[in-house]
Amino acid sequence: MPESFLNIFTTNLTAAATANPDNYLTIGRHQEIEQLVDNLSRKTKNNPLLIGEPGVGKTAIVDGLARLIALKKAGPKLNDKIIRVLQMAELRNPTVGTGDAMANFEQLIKELAASQGKIILFVDEAHMIMSTGDYGDVLKPAMARGEIQLIGCTTLREYHRDIEEDGALKRRFQVIDVPEPSAQETEAILTGIKGGYERFHHVTYSDAIVKLCVQLSMRYIPTQFLPDKAIDLLDMSGAVVSSQQRQAVTATDVAKVLEMMTHIPITSILMQDSERLRQLPSNLRQRVIGQDEAIKSVTDTVVRAKVGIQDPRLPLGSFFFMGMTGTGKTELAKALTTALFDNEQAMIRMDMSEFSLAKSVDRFQFQLTEKIKHQPYSVVTLDEFEKSNPLVQDRLLQVLGDGELSDEYGQDVDFRNCIIIMTSNIGYEAVNDQADFMSDEKADKFTIQRQKKNFKTIIQDTLTTNFRPEFVNRIGKVVVFNMLDKAIIRKIADKDLQELNVWMKHTGFQLRYKDDLLNFLADIGTDIKQGARPLARQIDQEVATPVSYSILSNKGKGFNVIRIHVSGHGEYGNIRGDRVVHFELINPRLQ
């Protein structure tokens, strides 16, 4: 007698749970399991479909039901049922069964119907079956007649793409939403399951380590979901400790696993938020020169949020950065990202000129929410915000006021762990007037300070002229960036040359220079209306390019120091004058 297709293409989950109920204990999903039981107990429309992101625990809910059935605690209508799990790989294996996947599936459904409701088929990643027309055509009539009962799992995206479009198929299912558990719920889940991992790895996890696994997975593994990513961290750290023949898993062990996964240094991973906040002002000033007021505004806001004396429903901070190009708006956003989240890649940057049309506003909302779902701990930078459609303001009002925004599937996305920064160059006339004034070397210090204050007032006034008051009032802090005078450009030149020196050391060379080079670069690189960008071009042209050729020509010849000095003087009306940059190759061993 040929073997049953059910035995070939499915596994008996109920039998496995009966043999070892403890392995199928599901923690923290009582509500979803209860919904599953209620749905399966209905007379009609009794095919539940669990919808949630990968790793949130959809399969664990079915495991929990199988355990209840094994223990005869699922209720009179379900206690005698058998849950069998479809094995898609076997179904499509040409060497198994009839050799034809469709024929195998048809015969499987016939055997399922012949069980007269005794067997419930569990299809993980149900969209893989439903999206293939022939399989769906076999399922729909059998489900409509009530001949088979099915539990499916899928993601929201794939439900909309593969199932919702088919009205007849959609009507056969009852959707059960499976949200990502909170941090507190995940801690409870890990506490409940850690015993199994302790026995397997012969290690111990303290409550503090369980909490750390949850916190660090949330912060550093943004593309995956709880509880799965926290469980992975728990499991991998246990494996590492076990291989070293130790017993207690420590914070350093968990951080080392994360370092291997993310390449973020262990010292950064283990740094406490309090230490990050203490170092925040100095870290930002190292990156951004001449904008101390802007840095103070940002750090004050972030510290208040992190300490917990602002509305916890809101983002960590919301800022409107105003100022001319090249004054450090984007650089401050990058520096803030690195200081808070260890990685500049945690900055979500969107060019708002791409959303100037009304029809593009939905696209903006869906792109933003999708990015935040995968990178909840981030700095969101909305560049050239004045170029976006006014309707964008309505969407951001929800973020700034409620800390959330719905995605394209209507699910709320949490913005509470991110910082929102909008940048703009509005106020050109005031910028040009201030540039002319700052170029006047005869102006006294008192007059310059008064003019700067007036300039900031004018710039802020342009904000309310260009944007609706209710939107402006929701912004946490409007930050006006100073224009960069020659003294600041000189400091930036020094910082940029030091960074160049760091890169040169990788090639075995070192750069030496004095004030004459800094003064020269400040003279030719200062443009009040363009900020620091002309300086970057001048450094490339006057220093980096000649140095590159020197390295290329002299590598391996014993010369490893390049000394730069400038001869000549500038002239009135001719900034460069007769000045010339000289490069001298030095072998320190011969000196």
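**Exercise 1. List the contacts of Glu 344, leaving aside its neighbours within four places in sequence.**

Solution. Work on the predicted model shown above.

Step 1. Leave out the residues within four places in sequence. Glu 344 is then in contact with Arg 287, Lys 334, Thr 337 and Thr 338.

Step 2. Place the residue. Glu 344 is found in the loop between H18 and S8.

Step 3. Look at one of these contacts, Arg 287. Its side chain makes a polar contact with the side chain of Glu 344, at 3.3 Å.

Step 4. Try a C-alpha distance. Glu 344 and Val 379 are 35 residues apart along the chain, and their C-alpha atoms are separated by 9.2 Å.

**Exercise 2. Classify the pair Arg 287 and Glu 344: which kind of bridge do they form, and where does each residue sit?**

Solution.

Step 1. Check the atoms. The closest N and O atoms are 3.3 Å apart, and Arg 287 forms a salt bridge with Glu 344. The cut-off for a salt bridge is 4 Å.

Step 2. Find both ends. Arg 287 belongs to helix H16 (residues 273–287). Glu 344 belongs to the loop between helix H18 (329–341) and strand S8 (347–351). The two are 57 residues apart, so the pair links distant parts of the chain.

Step 3. Judge the exposure. Partly exposed lies between 20% and 50% relative accessible area. Arg 287 has 22%, so it is partly exposed. Glu 344 has 34%, so it is partly exposed too.

Step 4. Turn to a network. Salt bridges that share partners join Arg 219, Asp 273, Arg 276, Lys 306 and Asp 342 into one network.

**Exercise 3. Set two further salt bridges side by side, Arg 29 with Glu 32 and Lys 170 with Glu 164. Are their residues buried or partly exposed?**

Solution.

Step 1. Read the distances. Arg 29 and Glu 32 meet through their side chains at 3.1 Å, N to O. For Lys 170 and Glu 164 the value is 3.9 Å, N to O.

Step 2. Take the pair of Arg 29 and Glu 32. Both residues are buried.

Step 3. Take the other pair. Lys 170 is partly exposed because its relative accessibility is 37%. Glu 164 is partly exposed because its relative accessibility is 28%.

Step 4. Put them in context. The whole structure holds 34 salt bridges.

**Exercise 4. Describe the open sheet that contains S8.**

Solution.

Step 1. Read the order. The sheet has 5 strands, S8-S9-S12-S7-S13, with parallel pairing.

Step 2. Find the edges. S8 and strand S13 (477–480) each pair on one side only, and these are the edge strands.

Step 3. Look at the turn. On average, neighbouring strands are turned by 20° against each other, direction ignored.

Step 4. Zoom in on one pairing. Strand S9 (residues 379–383) runs parallel to S12, and 4 bridges join them. Val 380 stands opposite Ile 420 in S12.

Step 5. Add a helix. Helix H19 (residues 361–374) packs on the sheet and touches S8 and S9. The direction of H19 makes about 170° with that of S8.

**Exercise 5. Stay with S12 and examine Thr 423. Is this residue buried or exposed?**

Solution.

Step 1. Place the residue. Thr 423 lies in strand S12 (residues 419–424).

Step 2. Apply the cut-off. Buried means under 20% relative accessible area. Thr 423 is at 4%, so it counts as buried.

Step 3. Find a polar partner. The side chains of Thr 423 and Asp 383 make a polar contact at 3.0 Å.

Step 4. Check the surroundings. Beyond its neighbours within four places in sequence, Thr 423 is in contact with several residues, among them Phe 321, Lys 329, Leu 382 and Phe 385.

**Exercise 6. Work out what lies on the two faces of strand S2, and which strands pair with S2.**

Solution.

Step 1. Recall the rule. In a regular strand the side chains alternate between the two faces of the sheet.

Step 2. Sort the residues of S2 (residues 48–51). Pro 48 and Leu 50 are on one side, Leu 49 and Ile 51 on the other. All are buried, and both faces are covered.

Step 3. Find the partners. S2 pairs with strand S6 (residues 174–177) in the parallel sense over 4 bridges. S2 also runs parallel to strand S5 (residues 149–154), joined by 3 bridges.

Step 4. Follow Leu 49. Its bridge partner in S6 is Val 175. In S5, the bridge partner of Leu 49 is Gly 152.

Key. Residues numbered from 1 in each chain as written. Predicted model: local features only at pLDDT ≥ 70, side-chain atom pairs only at ≥ 80, totals over all residues. Heavy atoms only, no water. Buried < 20%, exposed > 50% of the residue type's maximum accessible area, 1.4 Å probe, protein only. Polar contact = N/O pair within 3.5 Å; in protein donor to acceptor, adjacent residues only side chain to side chain. Contact = heavy atoms within 4.5 Å. Pairing = 2+ DSSP bridges. Axes fitted to C-alpha atoms, helices over the stretch in contact; angles between N-to-C directions.
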